[in-house]
Amino acid sequence: MVPAMPGVASSPLVPADRDALYQALKGAGRAQGIEWDLISLTEADGSEVGPLDSSSVGPEHWLSISAAIERNYKSYDGFVVIHGTDTLAYTASALSFLLVNLAKPVVVTGSQMPIFFERNDASQNFLNALYVAGYSAAGLPCVPEVTVCFGDHLLRGNRTRKVSVEAREAFSSPNYPVLGTFGQSIEIDTLMVREAPSEDSPFYAHRRLEDRVMDLTLYPGVRGEQLRAVFEREDIKGFVLRTFGSGTTPRDTALLEVVARAARQGKTMLVVTQCVEGS
């Protein structure tokens, strides 16, 4: 990201163009023995997708990223996905399910301060991600899963959430131990890393993703009549319900009946906790 008004640091940030990003990454990503290319996402017609603010990233982009990895899978030892922090955890989680029988590192990284700023965390995060992706040249164990490289930690992609808007350690993995740490040396906890698939399990990426899903947080005082229209929408195929504690909800009969009716109609109802830890 760069200031919309060049030279005015307080102006709103907008995505830099691809060439400026490439030059900045070249200056940061000098990992000994590791060569890398910058590959842009493409539309279905082959046209290039320019850099995006991550608040605009959604399911169609997850499919584009996974397709790009599948297309280039045999040409590289690993992949680094450059991503803004707002939706980085969503993308990392989605990729972990879209990429099937993954036997190479896919490392999602970004920064709290843009790489174009003098005081930034982008350069180190990118460099660390390159080491994990280029594990062979770096002399590291292979991490054959989707991970998030941020601050001093390597985290499992689908166990990651953003926990701070300002801190350099912006992401945490509250329900799974860290996979690695970055200090004077890079330490990978191989016992925590996902086991690589067998060689006779071919890699592929899913081509379709159901995005007709709603994420609803229940709260004290919510009533069935407030949610009835949402649950009865025919174009919504599933719901994630963020409930209290280990799965409790307000004891409103109308609310429970609305949920039950949607379930009887065949809609997928996934109940999760609002708590950061536990299930």
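**Exercise 1. Which residue in β17 is the bridge partner of L241, and how many bridges join β16 to β17?**

Solution. In β17, V271 is the residue that L241 has as its bridge partner. Strand β16 covers residues 238–243 and runs parallel to β17, to which 6 bridges join it. Two strands are taken to pair if DSSP finds at least two bridges between them, while strands are DSSP runs (E, at least two residues) numbered from the N terminus.

The model is predicted, so that local features need pLDDT of at least 70 and side-chain atom pairs count only at pLDDT 80 or more, whereas totals for chains, interfaces and linings use all residues. Residues are numbered from 1 along each chain as its sequence is written, and side-chain values use heavy atoms, with hydrogens and water left out.

**Exercise 2. Place β16 and β17 in their sheet, and explain why β15 and β17 stand at the edges.**

Solution. The order β15-β16-β17 describes an open sheet of 3 strands with parallel pairing. Because β15 (213–217) and β17 (268–273) each have a single partner strand, one side of each is left without a neighbour in the sheet. From one strand to the next, the twist averages 20 degrees, where axes are lines fitted to C-alpha atoms and angles run from 0 to 180 degrees between N-to-C directions.

**Exercise 3. Describe the sheet that has the order β5-β7-β8-β9-β12-β13.**

Solution. This open sheet has 6 strands, and its pairing is mixed. Its edges are β5 (79–82) and β13 (186–188), each with a single partner strand, so one side of each lacks a neighbour in the sheet. Here the twist averages 25 degrees from one strand to the next. Within the sheet, β7 (residues 106–109) and β8 (residues 146–150) pair in the parallel sense over 4 bridges, and T109 stands opposite C149 in β8.
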